[in-house]
Amino acid sequence: MKSRTREEERRLAAFFRGEIARLATRPVRLMEVCGTHTVAIFKAGIRQLLPPEVELVSGPGCPVCVTPNEYLDTAVAYSRQQGVIITTFGDMLRVPGSSSSLAAEQATGADIRIVYSPLDSLAIAAANPAKKVIFLAVGFETTAPTAAATVLAAEQAGLTNFYVLSAHKLVPPALRALLTAGEVQVDGLLLPGHVSAIIGEEPYRFLAREYGVPAVITGFEPLDILGAVYLLVKRIAAGEAALDNEYRRVVPPAGNPAAVAVLDKVYGEADAAWRGIGVIPASGLAVKAAYRRFDALAALPVTVEETKDHPGCRCGEVLRGVARPADCPLFGAACTPERPVGSCMVSVEGTCAAWYKYGAGRWQV
């Protein structure tokens with residue numbers, strides 16, 4: 001879509017807007033599953049472009065946001081051990097756990113380092129052979145293959161002091177859990193393009209087949225998203241439930257078999273706890289027995305404090321799509337990006353952070 005002229009984009013956007021308004025003859029609620037979509041929608045002001053009959057609701061597609069306090073507490077406990085280096089993506093640093101955060105532990109002397117790729121952790125491990133390096137493996141199908149490749153690279157390099165603390169999660173089981181619970185009425189789903197580039201189309205087929213919910217795999221440009229909304233409203237108006245792939249320029253129907261093969265070699269499906277949702281069967285990734293020596297929980301004993309959630313934070317409800325950030329009494333007052341109470345306000349992909357930062361929207365056609 002980058003190759004279109006500005007005028008062509010305006011005309012196409014006007015077409016989508018006109019068709020959405022024409023076809024949306026009743027209220028419909030569409031969930032953008034992915035946190036990156038949430039941010040793109042707010043930055044572009046897409047909500048303001050839609051008729052009042054079409055409501056967009058954010059889903060559980062922010063990996064940092066859905067990581068529960070128990071995982072944060074475990075990471076904090078490891079960071080307090082002598083001779084341990086924690087490596088993590090920057091978003092995790094300020095997420096509050098039950099009584100502390102990695103940023104707070106770093107300020108008191110814990111060796112916690114931000115990396116931009118899991119592979120960066122291997123260089124740190126090689127340079128610090130007397131220390132144990134634990135990478136916080138957080139993310140969906142998009143980032144998990146790289147973490148798996150890092151484990152294989154650590155094995156090949158003969159490193160004995162590198163570990164992963166896995167909180168990788170899988171998107172399709174979470175969607176099944178949400179639709180099964182029926183807590184939030186969803187008429188259609190906008191599916192994440194980057195996750196789909198790995199897993200392809202097939203894992204989403206059940207959405208239409210079993211739940212009668214149309215879904216569209218889409219990219220992150222404003223026109224991608226607006227076009228996907230148009231496809232969903234069109235399906236809904238026709239009474240059809242099907243999976244469409246609007247992002248074929250990036251997402252092949254079969255995904256990326258090579259990445260999936262690396263993932264399957266190192267990780268196996270496991271039950272996983274999601275913030276606000278609870279334990280979802282087969283929705284996480286655990287290190288397989290053949291690579292157990294790289295699994296921090298299996299190899300390194302740790303005592304973790306009793307997990308507690310902030311009593312006023314409604315992040316979990318926001319992640320389930322049953323509450324908006326503005327419904328939370330802490331939003332914009334006790335909880336801001338500078339002083340976050342919940343993970344939804346910390347991550348750049350968090351719904352609360354997006355509402356706080358881009359609430360007015362900017363993109364106009």
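**Exercise 1. Alanine 282**

Decide whether alanine 282 is buried, partly exposed or exposed in this predicted model, and describe its backbone.

*Solution.* Start with the accessibility: alanine 282 has a relative value of 28%. Buried would need under 20% and exposed over 50%, so alanine 282 counts as partly exposed. Next, place the residue: alanine 282 belongs to strand E11, residues 278-287. Finally, look at the backbone, where phi is positive at about 50° although alanine 282 is not a glycine.

**Exercise 2. Isoleucine 277**

Find where isoleucine 277 sits, which residues it touches beyond its sequence neighbours, and how exposed it is.

*Solution.* Begin with the location: isoleucine 277 is in the loop that links strand E10 (267-274) to E11. With a relative accessibility of 25%, isoleucine 277 is classed as partly exposed. Once neighbours within four places in sequence are set aside, the contacts of isoleucine 277 are Pro60, Leu178 and Arg320. For a sense of distance, take valine 251: it is 26 residues from isoleucine 277 along the chain, and their C-alpha atoms are 28 Å apart.

**Exercise 3. Tyrosine 267**

Work out whether tyrosine 267 is buried or exposed, and list what surrounds it.

*Solution.* Tyrosine 267 is part of strand E10. Its relative accessibility is 2%, and the cut-off for buried is under 20%, so tyrosine 267 counts as buried. Now gather the neighbours, leaving out residues up to four places away in sequence. Tyrosine 267 touches Ala137, Ala144, Ala147, Ala148, Val164, Ser166, His168, Leu285, Ala286, Val287 and Lys288. As a last step, compare sequence and space: tyrosine 291 is 24 residues away from tyrosine 267 in sequence, with a C-alpha to C-alpha distance of 8.7 Å.

**Exercise 4. Asparagine 128**

Trace the surroundings of asparagine 128, starting from the polar partner of its side chain.

*Solution.* A polar atom of the asparagine 128 side chain lies 2.8 Å from the backbone oxygen of isoleucine 124. To place this pair, note that helix H7 spans 120-127 and strand E5 spans 132-139, with asparagine 128 in the loop between them. Beyond residues up to four places away in sequence, asparagine 128 touches Ile85, Arg113 and Asn161. Its relative accessible area is 18%, which is under the 20% limit, so asparagine 128 is buried.

**Exercise 5. Helix H5**

State how many residues of helix H5 are buried, and name the elements they pack against.

*Solution.* Helix H5 covers residues 69-79, and 10 of its 11 residues are buried, so the helix is mostly covered. The buried residues include Asn69, Tyr71, Leu72, Asp73 and Thr74, followed by Ala75, Val76, Ala77, Tyr78 and Ser79. Their packing partners are strands E3 (84-88), E4 (111-114), E5 and E6 (162-168), together with helices H6 (102-107) and H14 (296-299).

**Exercise 6. Three helix pairs**

For each of the pairs H1 with H12, H2 with H17 and H8 with H13, classify the packing and describe the contact.

*Solution, H1 with H12.* H1 (residues 6-23) packs on H12 (residues 222-238) with an axis separation of 9 Å and an angle of about 25°. Angles under 35 degrees count as roughly parallel, so H1 is roughly parallel to H12. The crossing of these two helices is left-handed. By class, the residues in the contact of H1 with H12 are 12 nonpolar, one polar and four charged. Among those taking part are Leu12, Phe15 and Phe16 from H1, with Leu226, Val229 and Tyr230 from H12.

*Solution, H2 with H17.* The axes of H2 (residues 35-44) and H17 (residues 351-358) approach within 9 Å and cross at roughly 10°. By the 35 degree limit, H2 and H17 are therefore roughly parallel to each other. Thr38, Val39, Phe42 and Lys43 of H2 make the contact with Thr351, Ala354, Trp355 and Tyr358 of H17. Sorted by class, the contact of H2 with H17 has five nonpolar, two polar and one charged residues.

*Solution, H8 with H13.* Here the axes of H8 (residues 144-157) and H13 (residues 257-266) come within 8 Å, crossing at roughly 60°. That angle makes H8 oblique to H13. Their crossing is left-handed. Ala144, Pro145, Ala148, Ala149, Val151 and Leu152 of H8 meet Ala259, Val262, Leu263, Lys265 and Val266 of H13. The class count for the contact of H8 with H13 is 10 nonpolar, no polar and one charged.

Conventions
Residues numbered from 1 in each chain as written. Predicted model: local features only at pLDDT ≥ 70, side-chain atom pairs only at ≥ 80, totals over all residues. Heavy atoms only, no water. Helix = DSSP H or I, 4+ residues; strand = E, 2+ residues; numbered from the N terminus. Buried < 20%, exposed > 50% of the residue type's maximum accessible area, 1.4 Å probe, protein only. Polar contact = N/O pair within 3.5 Å; in protein donor to acceptor, adjacent residues only side chain to side chain. Contact = heavy atoms within 4.5 Å. Axes fitted to C-alpha atoms, helices over the stretch in contact; angles between N-to-C directions. Parallel < 35°, antiparallel > 145°, perpendicular 65-115°, else oblique. Left-handed = near helix turned anticlockwise from the far one by under 90°. Nonpolar A, V, L, I, M, F, W, Y, C, P; charged D, E, K, R; others polar.
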